[in-house]
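Work through these exercises with the model open beside you. Try each task before reading its solution.

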Amino acid sequence: MDQLQQEVDPVEVGLDPVALDRLDRFYARRVDDGLLPGYLISVARHGRVAHLTSYGLRDQGAGIPVTADTVWRLYSMTKPVASVAALMLHEEGLLDLDDPVSRHLPAFADPQVYESGAGDDIRTRPAESPVLVRHLLTHTAGLTIGAYRTHPVDSLYLAAGVEIQAPKDADLAEACAVYAGLPLQFEPGTEWNYSVATNVVGRLIEVVTGRPLDAFLAERVFAPLGMTDTGFWASGERADRLAVLYQQDQDGGFAPIPGPPVRERPRLLSCTGGLVGTARDYHRFMEFLRRRGELDGVRLLSPETVDTMTANHLPTDLHAFGSKPIHGQPGNAGLGFGLGVSVVVDAGRTESPESEGSYGWSGAGGTTFWVDPRNDLTVQLMTQLRPAGMLSFHELKGFVSEALGGRGGPASH
């Protein structure tokens with residue numbers, strides 16, 4: 001079995017080993033101080049892994065350390081993978097970005113938009129325009145999740161059992177039927193709200209291909225990219241390598257929590273956050289994006305489509321929409337959104353040292369990744385700790401920036 005491994009000395013690709021050593025010591029201290037159970041970080045430049053570090057335990061009860069072949073719950077890092085699959089169908093002429101979703105999922109015909117009121121007194125009106133496929137990929141469809149509890153429509157999601165992504169025991173088709181029956185928060189295409197939209201993308205993939213989502217992704221994405229340990233569940237030997245999901249308990253230690261079912265095929269094949277996989281596999285996915293749609297001679301998307309995916313599609317940045325910090329990000333100033341990934345549009349306004357044009361996303365279990373085209377760099381961090389808001393990824397971005405010769409890493413090295 002192939003594992004992720006360091007391929008080149010960092011100096012050979014222009015990275016400062018002193019800054020990378022500080023990165024290692026900073027994150028190891030977080031484990032030693034009881035702030036992380038264990039982690040893996042990789043930094044690659046020009047397509048070669050120049051830094052690979054892991055520390056701590058993937059299973060504290062059994063005393064099993066984090067290893068390169070550890071399997072992680074990817075949560076929302078599933079969304080870029082699903083977006084790539086949808087864009088493949090777009091290139092094949094099966095799914096146009098400007099298709100009304102109702103063309104393929106009739107339940108989304110005649111959407112209603114929130115107008116006023118709360119609770120039983122919510123009033124809606126017919127939407128002026130349809131929900132389009134591109135609205136789903138950019139999170140501008142008007143969908144939401146109940147867990148936000150910040151908008152009157154959130155209460156309707158909660159009442160329908162959609163606290164995070166789906167009613168209990170629903171499959172993808174049933175979940176999307178529930179979403180379609182709930183009001184939109186806003187007119188499609190006019191605002192940004194992180195939501196269950198990528199589950200609808202997954203259902204679209206099933207409908208236009210006539211195949212189960214897991215089978216399509218396995219054949220058309222994972223196999224061609226050599227992502228041999230990625231899927232919606234981990235069984236057999238792969239289950240033995242699955243990291244335990246933790247939350248911090250009242251005594252300052254870590255308590256295991258169940259998370260979504262991933263030891264057998266789940267009823268809900270969630271594109272919102274259902275994949276599990278290894279750091280090696282996600283490194284290959286990042287490299288596929290960095291190389292603009294091709295890896296090891298296999299091309300899944302044209303360079304132009306990857307450029308479209310990783311460009312900002314919003315009229316302004318996420319901060320302007322009043323969006324909340326998501327998955328450990330300290331804030332959204334300076335960030336825009338593409339087709340399934342956030343994009344740095346104004347590096348001077350972000351709270352982390354980043355290059356304009358960098359793109360990526362994070363997951364609720366504490367995972368994150370980004371691709372930096374300007375510096376020809378890919379970075380990932382894997383851990384399993386909820387809520388992800390306990391983490392902050394700007395320290396990691398600071399150390400990587402410092403290794404590139406930029407200013408700053410965190411003040412407290």
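A helix here is a DSSP run of H or I with at least four residues, and helices are numbered from the N terminus. The model is predicted.

**Exercise 1. Helix 2**

Task: Find how many residues helix 2 has, how far it reaches, and what follows it.

Solution:
- Step 1. Helix 2 spans residues 78-91, which is 14 residues.
- Step 2. From first C-alpha to last, helix 2 reaches 20 Å, close to the 20 Å expected at 1.5 Å a residue.
- Step 3. Look past the end of helix 2. Gly-93 follows, and its phi is positive, near 80°.

**Exercise 2. Cover on helix 2**

Task: Decide whether helix 2 is mostly covered or mostly open, and name some of its buried residues.

Solution:
- Step 1. The cut-off for buried is under 20% relative accessible area.
- Step 2. By that test, 12 of the 14 residues of helix 2 are buried, and the helix is mostly covered.
- Step 3. Among the buried residues are Thr-78, Lys-79, Pro-80, Val-81 and Leu-89.

**Exercise 3. Helix 2 against helix 9**

Task: Describe how helix 2 and helix 9 pack.

Solution:
- Step 1. The two helices pack at an angle of about 50°, with their axes 12 Å apart.
- Step 2. Angles of 65 to 115 degrees count as roughly perpendicular and those under 35 degrees as roughly parallel. Helix 2 is therefore oblique to helix 9.
- Step 3. The contact uses Pro-80, Val-81 and Val-84 of helix 2. From helix 9 come Tyr-282, Phe-285, Phe-288 and Leu-289.
- Step 4. The crossing of helix 2 and helix 9 is left-handed.

**Exercise 4. Two buried residues**

Task: Say where Met-286 and Phe-108 are found, and what each one touches.

Solution:
- Step 1. Met-286 is found in helix 9, residues 279-290. Its relative accessibility is 0%, so Met-286 counts as buried.
- Step 2. Leave out residues up to four places away in sequence. Met-286 then touches Phe-369, Trp-370, Val-371, Thr-378, Val-379 and Gln-380.
- Step 3. Phe-108 is found in the loop between helix 2 and strand 5. Its relative accessible area is 9%, so Phe-108 is buried.
- Step 4. Apply the sequence filter to Phe-108: its contacts, not counting residues up to four places away, are Val-101, Ser-102, Cys-176, Tyr-179, Ala-180 and Val-200.
- Step 5. Phe-108 and Leu-204 are 96 residues apart in sequence and 12 Å apart in space, C-alpha to C-alpha.

**Exercise 5. Strand 14 and its partners**

Task: Work out which way the residues of strand 14 point, and how the strand pairs.

Solution:
- Step 1. In a regular strand the side chains alternate between the two faces of the sheet.
- Step 2. Check strand 14, residues 359-362. Tyr-359 and Trp-361 point one way, Gly-360 and Ser-362 the other, and all are buried.
- Step 3. Strand 13 pairs with strand 14 in the antiparallel sense over 2 bridges. Here Ser-342 has Gly-360 as its bridge partner.
- Step 4. Strand 15 also pairs with strand 14 in the antiparallel sense, over 4 bridges. Ser-362 has Thr-368 as its bridge partner.
- Step 5. The hairpin of strands 14 and 15 has 5 residues between the strands. In this hairpin Gly-366 takes a positive phi near 100°.

**Exercise 6. An open sheet**

Task: Give the strand order of the open sheet with 3 strands, and find its edges.

Solution:
- Step 1. The order is 8-7-17, and the pairing is mixed.
- Step 2. Strand 8 and strand 17 are the edge strands, each pairing on one side only.
- Step 3. Strand 7 and strand 17 run parallel, joined by 2 bridges. Gln-247 stands opposite Arg-386 in strand 17.

Conventions
Residues are numbered from 1 along each chain as its sequence is written. This is a predicted model: local features need pLDDT of at least 70, side-chain atom pairs count only at pLDDT 80 or more; totals for chains, interfaces and linings use all residues. Side-chain values use heavy atoms; hydrogens and water are left out. Buried means under 20% relative accessible area, exposed over 50%, partly exposed in between (1.4 Å probe, protein chains only). Two strands pair if DSSP finds at least two bridges between them. The expected span of a helix is 1.5 Å times one less than its number of residues. Contact means heavy atoms within 4.5 Å. Axes are lines fitted to C-alpha atoms, for helices over the stretch in contact, and angles run from 0 to 180 degrees between N-to-C directions. Angles under 35 degrees count as roughly parallel, over 145 as roughly antiparallel, 65 to 115 as roughly perpendicular and the rest as oblique. A crossing is left-handed if the near helix is turned anticlockwise from the far one by less than a right angle, and right-handed if clockwise.
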